Amino acid sequence: MAYFQTEINISKFIGKTFSRIEVGTDEIVFVADDFAAKMYHQQDCCESVYIEDINGDIQALVGNVIVAAEEVSNQEESDYGRQTWTFYKLTDSAAHYVTIRWLGESNGYYSESVEIVQLATPPAA
């Protein structure tokens, strides 16, 4: 079982070479020899946060050094309350570009943020 450590910034991915990337509907786990991280959102009442799209081949990042990692977000009001888009942009040494787009929707009183936590131990393959 993987235990969470502290929340980290996407910039911690720079210089890492992932041996495995596991994509689910509401989380992504990145595993390197000396590092593992989980990108996810802890769901709560009256809100929904999920991976809406991955632009590029995320599996192409496996085996290459991450040279750039950036988070960009945008928020606007909606009929329901609020929408937040969070984009995670990753580039590797082989010039693969991947953008992970998360969409969060809530009535405005709940968090729509995406968390990235470093795992104390990588999940089993």
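Begin with the charged pairs: the structure, a predicted model, holds 5 salt bridges, a salt bridge being a side-chain nitrogen of Lys or Arg within 4 Å of a carboxyl oxygen of Asp or Glu. In this predicted model, local features need pLDDT of at least 70 and side-chain atom pairs count only at pLDDT 80 or more, while totals for chains, interfaces and linings use all residues. For making selections, residues are numbered from 1 along each chain as its sequence is written, and side-chain values use heavy atoms, with hydrogens and water left out.

Select Glu52 and Arg101, whose side chains meet in a salt bridge at 3.1 Å, N to O. This pair links distant parts of the chain, with Glu52 in strand 5 and Arg101 in strand 8, 49 residues apart; strands here are DSSP runs of E, at least two residues long, and helices are runs of H or I of at least four, numbered from the N terminus. Glu52 counts as partly exposed at 33% relative accessibility, and Arg101 is likewise partly exposed, at 26%, where buried means under 20% relative accessible area, exposed over 50% and partly exposed in between (1.4 Å probe, protein chains only). Add Asp53 to the selection, since salt bridges that share partners join Glu52, Asp53 and Arg101 into one network.

Next, show Lys38 and Glu27, which form a salt bridge with an N to O distance of 3.2 Å. Lys38 belongs to strand 4 and Glu27 to strand 3, 11 residues apart. Is each partner buried or partly exposed? Lys38 is buried, with a relative accessible area of 16%, whereas Glu27 is partly exposed at 29%. A further pair to display is Glu22 with Arg20, the closest N and O atoms being 2.6 Å apart.

Move then to His41, in the loop between strand 4 and strand 5. His41 is buried, with a relative accessible area of 6%, and its side chain reaches the backbone oxygen of Ser113 at 2.5 Å. Leaving aside neighbours within four places in sequence, the contacts of His41 (heavy atoms within 4.5 Å) include Asp26, Glu47, Trp102, Ser111 and Glu115.

From there, turn to the largest nonpolar core, which has 24 residues; such a core is a set of buried Ala, Val, Leu, Ile, Met, Phe, Trp, Tyr and Cys residues joined through side-chain atoms within 4.5 Å. Those with the most contacts inside this core are Phe13, Phe30, Met39, Leu90 and Ile100. Colouring by strand is useful here: strands 2 (18-23), 3 (27-32), 4 (35-40), 5 (47-55), 6 (66-77), 7 (82-92) and 8 (97-106) each supply at least two residues of this core. Centre on Phe30, which touches, among others more than four places away in sequence, Phe13, Phe18, Ile58, Leu90 and Ile100. Apart from the largest core lies another, of 6 residues, among them Val31, Tyr40, Val117 and Leu119.

Finally, zoom out to the whole protein chain, which has 0 helices and 9 strands. Its C-alpha trace spans about 45 × 35 × 20 Å along the principal axes. Of its 125 residues, 40% count as buried. Among contacts between residues at least 6 apart in sequence, 67% join residues at least 24 apart.

Note on methods:
A polar contact is a pair of N or O atoms within 3.5 Å; within protein, one must be able to donate a hydrogen and the other to accept it, and residues adjacent in sequence count only if both atoms are side-chain atoms.
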